[in-house]
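Colleague: I would like to go through the side-chain contacts in this model. Please give me the reasoning behind each label.

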Amino acid sequence: LTAAAQRMPVFGQTGIAQVISGPITYSPDLLPMVGPLVGRKNYWLACGFSYGIIHAGGAGRYLARWMLNGEPPYDLNEVDPGRYGEWTSDVYTLAKVRESYGFNNVVVYPKEERRAGRPARIGGAYESMKNRGAQFGFRAGWEQPTWFALAGDDVEYRPSFRRTNWFEPVGRESALVRNRVGVIDLTPFGKLTVRGKDAAEFLDRMFANYLPKIGMANLSHMLTPRGRVYSEMTISRLDEQSFYLVTGSTSDWRDVRWLQDHVKSNEDVVISNVTDEYNCLGLAGPRSRDVLARLVGVSVRDDDFPFLCHREVSINGVKVRAIRISYTGELGYELHCAAADACALYGTLLDAGKEYEIGDFGTYAMSSLRLEKGFRAWGAEMTVDVTALEAGLDYFVKLNKKTDFIGKSALLQQKEQDLTKKLGFLIVDAKDVDPEGNEAVWHENKVVGYTTSGSYGYQIESGIAF
């Protein structure tokens, strides 16, 4: 107080008439909730600011632009209210707030994990994977294996700015998927259903790609009116007016909100978030087809089960929606089943794959593999900070589509001009430090860009980044 009076003499002269001790409003991750609330029309949040009024100007301007223009002015996904859900219990919140407050001034490492309040959400195979050496990361409340420790591996949690104890195991998992077959828990993916007699017309307006045919799937993007990338989803068409949508692990309620906000009053469209009802296991690698062929009663040959095809199959009595797609860039399948059946499905896959030396892999290996393949990630390469053309999504954006989808006119206009920025791919020459994303890119003593995500590429033996 003495220092404050010296800096502002009038404060010292006036004196203190009253002292008020007020509570600080903390969210579990210390970040505020800024944006519209799902399920409530025109209901907006700007709360949970642990540092209070200092953020008022920026938050107010951000919300005002969104309210007036119908889309976020820039990417602030970290503060979207949709990142929380029913899993965010009072017990979890209290534990995380205490932990986060205590960590207020600590050094933050790449891939950092904080343990308080966990587990909050677990998939059906959680215990089985834990017993097989899974080292878990936190994704939208879910426990998801990041890597697996085998006999002899150092299992201590050792975060670092340099390569650390999971570097070699992740390389082992990358080789597993490239050469044999691996299983990964993809349960945190958001899962939605869209049904109704107007569902097809509605989704055709919302997505820049053509809708898939019945029995097929495709990768599609929702854009903002300015042509920015709001979301990326895999759309599987179940019948003429029923669709199964798979989105990012932190995007389910955010995407539900965007979809619901664009349903017209006279449209028959029902949007449901079924994320908690279904688990998903990924099967990937050159021997993945051999494993699946031993378990299903239908042909999985390339002609009968082509890329981006989906089938309803039974695997040892478990009903499974199998989609031929893999984020690793290798031959692979996503196997979606009821949450209660995930543990049995996991065990069946491991048993059937013994002949092919099947193993587990986690999200660290998947990230490295997808980067080597050149696959983009929503929230990194694709955000509302960039247009679909700047993100290099030309293949998925059908500007010749008759439907006037959201963002089409903006992209047609941008296509007439030269792009001022474009997503690129970098090889990074470093001995024991690899890119993570959000690093500045310098050229001739000037910052000319930034990395969006990065990793070590075990196949090309180099650091890589978008």
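Colleague: What makes Asp432 partly exposed?
Modeller: This is a predicted model, and the relative accessibility of Asp432 is 32%. Buried means under 20% and exposed means over 50%. The value lies in between, so Asp432 counts as partly exposed.

Colleague: Why is the contact between Asp432 and Arg162 called a salt bridge?
Modeller: Their closest N and O atoms are 3.0 Å apart. The cut-off is within 4 Å, so the pair qualifies. Side chains of opposite charge can pair when their charged atoms come close.

Colleague: How do you know that this pair links distant parts of the chain?
Modeller: Asp432 is in the loop between strand S16 and strand S17. Arg162 is in the loop between strand S4 and helix H6. The two are 270 residues apart.

Colleague: What makes Arg162 partly exposed?
Modeller: Its relative accessible area is 49%. Exposed needs over 50%, and buried needs under 20%, so Arg162 is partly exposed.

Colleague: How do you know that Lys96 and Glu99 form a salt bridge?
Modeller: The closest N and O atoms of Lys96 and Glu99 are 2.8 Å apart. That is within 4 Å, so the label holds. Both residues are buried. They are three residues apart in helix H4, which means about one helical turn separates them.

Colleague: What makes Arg289 and Asp302 a salt bridge?
Modeller: The N to O distance is 3.5 Å. The limit is 4 Å, so this pair counts too. Arg289 lies in helix H9 and Asp302 in the loop between H9 and strand S12, so the pair ties together parts 13 residues apart in sequence.

Colleague: How many salt bridges are there by this rule?
Modeller: The count comes to 28.

Colleague: Now the rings. How many aromatic pairs does the search find?
Modeller: The search of the whole structure finds 20.

Colleague: Why is the pair of Tyr26 and Tyr101 called edge-to-face?
Modeller: The ring centres are 5.6 Å apart, and the planes meet at 75°. Pairing needs centres within 6.5 Å, and edge-to-face needs over 60 degrees, so both tests are passed.

Colleague: What makes Tyr26 buried?
Modeller: Its relative accessible area is 18%. Buried means under 20%, so Tyr26 fits.

Colleague: How do you know that Lys111 lies over the face of Tyr364?
Modeller: Lys111 is 5.2 Å from the ring centre. The distance limit is 6 Å, so that part of the test is met.

Notes: Residues numbered from 1 in each chain as written. Predicted model: local features only at pLDDT ≥ 70, side-chain atom pairs only at ≥ 80, totals over all residues. Heavy atoms only, no water. Phe/Tyr/Trp six-rings, centres within 6.5 Å; stacked < 30°, edge-to-face > 60°. Buried < 20%, exposed > 50% of the residue type's maximum accessible area, 1.4 Å probe, protein only. Lys NZ or Arg CZ within 6 Å of the ring centre and 35° of its normal. Salt bridge = Lys/Arg side-chain N within 4 Å of Asp/Glu carboxyl O. Helix = DSSP H or I, 4+ residues; strand = E, 2+ residues; numbered from the N terminus.
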